[in-house]
Amino acid sequence: ALSMFGTTVGLYGIPWCKKSLLLTVLMSVIGASMGILDTGGNVLALNTWGAEAGPHMQALHFSFAVGAFVAPILAKMALGGSESKDLPLAEKANQSVPRPVPTASAASAASALKHHLGADFLWSYVVIGTYLLFVSFFFFILYSKGSSARDKSKASLQKCMFAKHHYALIFLLFIFFFCYVGAEVTYGSYLFTYAKVFAEMKENEAAALNSVFWGAFAACRGVAIFCAACLYPGTMILLSITGSAISSLCLAFFARYPALLWVGTAMYGASLATIFPSGISWIEQYTVVQGKSASLFVIGAALGEMCVPAVVGYLQGRFHHVPVVMYTALVTSAMTVLLFPLMYKLANSAGESDLKEMGESEDRKALLSNSGLHEDEE
């Protein structure tokens with residue numbers, strides 16, 4: 001509730017910003033609020049549904065994918081009409097006189113266009129902010145009606161359920177999400193440029209290829225909601241990392257063939273879709289995921305989102321003729337393929353030892369309770 005309210009404040013304030021410092025502060029508020037929402041949403045889903053959180057976790061991240069896919073399309077539809085109506089006027093005004101000479105008609109057309117586009121942007125911020133404000137109110141109502149005593153008792157029961165290698169698993173999953181999210185954001189960010197520069201596609205074809213990637217990503221997350229009801233999270237992760245490894249291998253060495261580029265991009269987007277929600281559901285089977293652990297997952301994902309695209313952009317600028325984007329996808333896929341079996345082995349060895357300790361402790365409790373009953377009878 002607080003994170004959505006903070007996002008609402010930032011969205012309401014941004015259209016009225018005239019200073020870059022204030023804009024930076026408001027954008028930072030939105031970024032921090034979204035980080036809190038990522039962490040709190042995952043923990044809330046786990047606390048609400050527990051062992052049955054798989055489909056709900058997939059649905060939560062499916063909503064992220066749908067928003068990321070639909071929002072740019074809606075924004076382009078909202079602004080495309082105004083651009084098509086007003087831009088020809090400005091072009092005609094500029095064509096009627098020599099370009100170096102400013103004219104009143106050109107200036108008025110440009111200011112009218114700027115005012116019209118500014119109004120569209122203003123209303124888009126206000127509408128989205130109002131929607132988030134209503135959602136935050138609903139969460140405040142749910143919080144006020146919730147039972148804090150029940151949550152405290154549940155938390156006290158979960159304190160003794162940590163795995164033996166809890167911190168090692170959290171650290172390995174941190175690196176796992178760093179590689180995965182870094183690869184996802186890097187490929188989605190640089191695919192358009194790669195298609196134009198290396199594949200020599202037209203602009204509309206490159207945009208369509210980018211849409212194929214995010215469309216397959218969102219569609220596969222939607223399908224995963226139903227798959228999570230009948231498949232274990234570990235099985236879904238194994239299928240995903242195998243698919244990403246095969247598709248990234250094809251993209252790294254055979255992307256010069258247009259058909260393989262289209263098929264590999266769709267397969268790569270579909271393979272990446274279920275890894276993050278399945279990873280959180282998978283680790284919940286072996287140890288307790290509380291706020292601190294979930295925040296580490298989100299921090300790892302955010303660091304991958306920041307660092308990997310920056311490094312790829314720097315390397316691509318230095319090595320113009322090398323498809324760094326595709327090689328990065330291959331390297332990160334190889335990292336996830338190596339990390340998951342290690343985490344699986346560590347989690348299962350910890351689970352076996354914990355089960356033995358739990359059985360011994362239950363035997364002790366039974367013996368103690370039986371001896372206490374005999375003493376009471378005497």
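How far apart do the end C-alpha atoms of residues 122-144 lie, and how much of that span is helix? The legends below begin with this question and then visit other parts of the predicted model.

**Figure 1. Two spans from the UniProt record, seen up close.** In this predicted model, the end C-alpha atoms of residues 122-144 are 33 Å apart, and the span is 100% helix and 0% strand. Residues 324-344 are likewise 100% helix and 0% strand, with 30 Å between their end C-alpha atoms. An unreviewed UniProt entry lists both spans under "transmembrane region", along with others including residues 20-47, 59-79 and 165-192.

**Figure 2. The whole protein, a chain of helices.** Follow the sequence from start to finish and you read the pattern α-α-α-α-α-α-α-α-α-α-α-α. That makes 12 helices and 0 strands. The protein has 378 residues, and 35% of them count as buried. If you look at contacts with a separation of 6 or more, 80% of them join residues 24 or more positions apart. The accessible surface comes to about 22100 Å², and carbon and sulfur atoms account for 70% of it.

**Figure 3. Helix H1, checked with a ruler.** Here is a small calculation you can follow along with. Helix H1 covers residues 2-13, which is 12 residues, and at 1.5 Å a residue it should span 16 Å. The end C-alpha atoms of H1 are 17 Å apart, which agrees with that expectation. While you are here, look for the buried residues of H1, among them Ser-3, Met-4, Gly-6 and Leu-11.

**Figure 4. Phe-177 and Phe-297, an aromatic pair.** The structure holds 13 aromatic pairs. In the one shown here, the ring centres of Phe-177 and Phe-297 are 5.6 Å apart and the ring planes meet at 75°, so the pair is edge-to-face. Phe-177 sits in helix H6 (residues 166-197) and Phe-297 in helix H11 (residues 291-318), so this pair ties together parts that are 120 residues apart in sequence. Both residues of the pair are buried. Widen the view and you find one aromatic cluster, formed by Phe-176, Phe-177, Tyr-180, Phe-276 and Phe-297.

**Figure 5. Helix H10, residues 275-284.** One member of that aromatic cluster, Phe-276, is also a buried residue of H10. Of the 10 residues in this helix, 9 are buried, so H10 is largely enclosed by the rest of the structure. Other buried residues to look for in H10 include Pro-277, Gly-279 and Trp-282.

**Figure 6. Ser-271 and its contacts.** Is Ser-271 buried or exposed? Its relative accessibility is 8%, so Ser-271 counts as buried. You will find this serine in helix H9, which runs over residues 258-272. The side chain of Ser-271 reaches the backbone nitrogen of Ser-244 at 3.4 Å. Leaving aside residues up to four places away in sequence, Ser-271 touches Ser-240, Gly-243 and Ser-244.

**Figure 7. Ala-216 and the residues it touches.** Ala-216 belongs to helix H7 (residues 203-227). Which residues does Ala-216 touch, not counting those up to four places away in sequence? They are Ala-266, Gly-269 and Ala-270. Met-267 is worth finding in this view too: Ala-216 and Met-267 are 51 residues apart along the chain, yet their C-alpha atoms are separated by 7.5 Å.

Technical notes: Residues are numbered from 1 along each chain as its sequence is written. Side-chain values use heavy atoms; hydrogens and water are left out. Helices (H or I, at least four residues) and strands (E, at least two) are DSSP runs, numbered from the N terminus. Buried means under 20% relative accessible area, exposed over 50%, partly exposed in between (1.4 Å probe, protein chains only). Contact means heavy atoms within 4.5 Å. Accessible areas come from the Shrake-Rupley method with a 1.4 Å probe; for residues, only the protein chains shown count as cover. A polar contact is a pair of N or O atoms within 3.5 Å; within protein, one must be able to donate a hydrogen and the other to accept it, and residues adjacent in sequence count only if both atoms are side-chain atoms. Rings of Phe, Tyr and Trp (its six-membered ring) pair if their centres lie within 6.5 Å; planes under 30 degrees apart count as stacked, over 60 as edge-to-face and the rest as tilted. UniProt positions are given in the numbering used here, feature names are shortened, and annotations may be inferred rather than shown by experiment. The expected span of a helix is 1.5 Å times one less than its number of residues.
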